[in-house]
Each structure stands twice: as structure tokens, then as C-alpha cells.
Amino acid sequence: MLSYRHAYHAGNIADLLKHSVLLALLDHMRSKDKGFKYIDTHSGAGAYSLRSEFSEKTAEWQRGIGRHLGSNAQHPLLDKLLSAVQTTDTGVVYPGSPRLAASALRRQDSGACYELHSTDAKLLANNLRSQAAIKLYQSDGLAGLLSQLPTPTRRALVLIDPSYELKTDYQEIPKTVHKALSKMENAVIAIWYPVVDRDLSDAMVKALTAGLSQRVDCFELGERADSEGYGMTSSGMLVINSPWDLAQSMSTLLPELAAQHSLDGEPHYRCDNLVAR
Ligand SMILES: C[S@@+](CC[C@H](N)C(=O)[O-])C[C@H]1O[C@@H](n2cnc3c(N)ncnc32)[C@H](O)[C@@H]1O
């Protein structure tokens, strides 16, 4: 039984990292005319009102996107994310990964979004209702990913963004990613992970990169130094088949964000090339 609802966390600092990287990867895929398929294994609801009872309960977005709303002179990736946030008379709507992807898809591109939670699957269908190029599935995203590969045009962008409610995710995700790469070695795959237990996240990053010859970059951003007392102190995005210019872009964005979001006065970020190509 899944209990995680992304509505509690939408627009927080983890989303800033995840969605900045996603926007950069979508730009990269669009830099060639040939169509690509976007595969979102854990899609969530697609869009989130920041005035909902969920958002109000945690107020996480206020320490995330809330710090940037209404400001200008931002990094281009943050500017792009801010322009995808909809502000209306009735409130602010923060875009989830499927909506960010939907706005970037061209006529030649397509998408497949997986969401298991019945409430969020319905919300996703509603939030993406005019997006005929994106097929929605209320089924397991990791199995779904393997069924989609290789994609017809041999170009794919994959986002794997689980809630890590099941501790087995830490083992299942590396296994699935290696199977996915054996079906399509050039797939661009971005995996989000929380840093709650540093040993656990490091072990997953190690398992993900083991034996890979594709370029792998690792980005992290957090509000605090690693600690056993604070729950999630930071989070990361591991990118396989990472475009060469992504690290360059993140190396200017992350120090800026880390300085703005630090709660302990020590900016926390990581921008590492783990496998060179
Ligand atoms: C962190 S949220 C996704 C947020 C979304 N990617 C975004 O950036 O806007 C994770 C979602 O995965 C869903 N989920 C959990 N296990 C799943 C599975 N095996 N297959 C598909 N969806 C799953 C949860 O219900 C939850 O909505």
C-alpha cells in the first residue's frame, strides 16, 4: 500500500534540483531534430497547487521555489523553472515532471508516464488531458521502462524518481537501470535519490555506476550537512549518458542555490563527474 503523496513536497529544494536537471536534459534532447521518447517511471500528479492542504501542511515549497517566486536575475535554468510555475488569482501551481516534459515535447516526440497511486493517477490524467503524445499507465514504472526500450527512434530520456518508501528500491533501481542500458545503451537516464542515510545513497550510486562506460555525472543539493538527526539533509540526481554541457551549467547553478538555501551557514552541493567519456 503506497502512502507517499508528492503534493506534500512539491516545489521543495529537492524539486529545484530534480526539475532544473530535467529541464536541461529536455533542452539537450530538443537540440537534435530527431524525435525522442520521454519516459517518467514515477510521475506523481503532474501539477500541484501550492495552496492545497498538503502544501500548507508542510510548507516545504516556501523554503524551495517560494524563495525565488517574484525575483529576477536568476540562472537560466531557474528562470526556465520559474516560468513554468503558474500564478493565477486563485494561487500558484507548481509543475510536476510530466508537465515540464509535456511543455517541451515537439510533434516528433512522445512520452510514457507511469503512476501507481490511484488518486495521483487520476489527477495526472486530468493535468495532462490535452497531451495526446503522452501515454499514461497506472502500473509499475520500472517494469514499464523495460517494456518501452529500445524506443522506435533510438533516442530516450528517462526520469526515475521514486519515493523510496520501499527499502528494496535502493537495490531494484540499479538492477533495472543496468537492464535498461543493456536494451538501449544511449538512453539518457536521470535517477533522483534522497540523502537520508549517506551510506545507503552512496551504495546505490556505486551500484548504479558499476561497470558503466557511459558518461555519468552526479549532482547534489541540500539545506544541511549530512546528519543522522534531520531526515533528508540533501538529495541527488545521477545522470547516465549525461550531456557534456550539463555539468558546466549545474556548476554555476548549484553554488548559487546552495548559498541561498543553506540552513546551517555551510552551502551543500556536489557536482561530480563519476565516469568520464
Ligand atoms: C517523488 S513522486 C514523483 C514526482 C514526480 N516525478 C515529479 O517530479 O513531479 C513518486 C511517485 O511515484 C509513485 N510510485 C511509487 N511506486 C511506483 C511504481 N512502482 N511505479 C509507478 N509509480 C510509483 C508514487 O505514488 C508517487 O506519486
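This section describes the salt bridges of a predicted model, with attention to where the paired residues lie and how accessible they are.

In total, 13 salt bridges were counted in the predicted structure. One of them joins the side chains of K18 and D161, with an N to O distance of 2.9 Å. Because K18 belongs to helix α1 (residues 13-30) whereas D161 sits in the loop between β7 (156-160) and α7 (169-183), this pair ties together parts that are 143 residues apart in sequence. K18 has a relative accessibility of 2% and therefore counts as buried, and D161, at 14%, counts as buried too.

A salt bridge is also formed between K80 and D27, whose closest N and O atoms are 2.7 Å apart. Here the link runs between helix α3 (residues 76-84), which holds K80, and helix α1, which holds D27, the two residues being 53 apart along the chain. K80 is partly exposed, at 34% relative accessibility, and D27 is likewise partly exposed, with a relative accessible area of 32%.

In the pair formed by R63 and E223, the closest N and O atoms are 2.8 Å apart. R63 lies in the loop between α2 (53-58) and α3, and E223 in the loop between β9 (216-222) and β10 (234-240), so that distant parts of the chain, 160 residues apart, are linked. The accessibility of the partners is 36% for R63, which is partly exposed, and 9% for E223, which is buried because its value falls under 20%.

Beyond these pairs, R198, D202, E220, D226, R270 and D272 are connected in a network of salt bridges.

Terms used
Residues are numbered from 1 along each chain as its sequence is written. This is a predicted model: local features need pLDDT of at least 70, side-chain atom pairs count only at pLDDT 80 or more; totals for chains, interfaces and linings use all residues. Side-chain values use heavy atoms; hydrogens and water are left out. A salt bridge is a side-chain nitrogen of Lys or Arg within 4 Å of a carboxyl oxygen of Asp or Glu. Helices (H or I, at least four residues) and strands (E, at least two) are DSSP runs, numbered from the N terminus. Buried means under 20% relative accessible area, exposed over 50%, partly exposed in between (1.4 Å probe, protein chains only).
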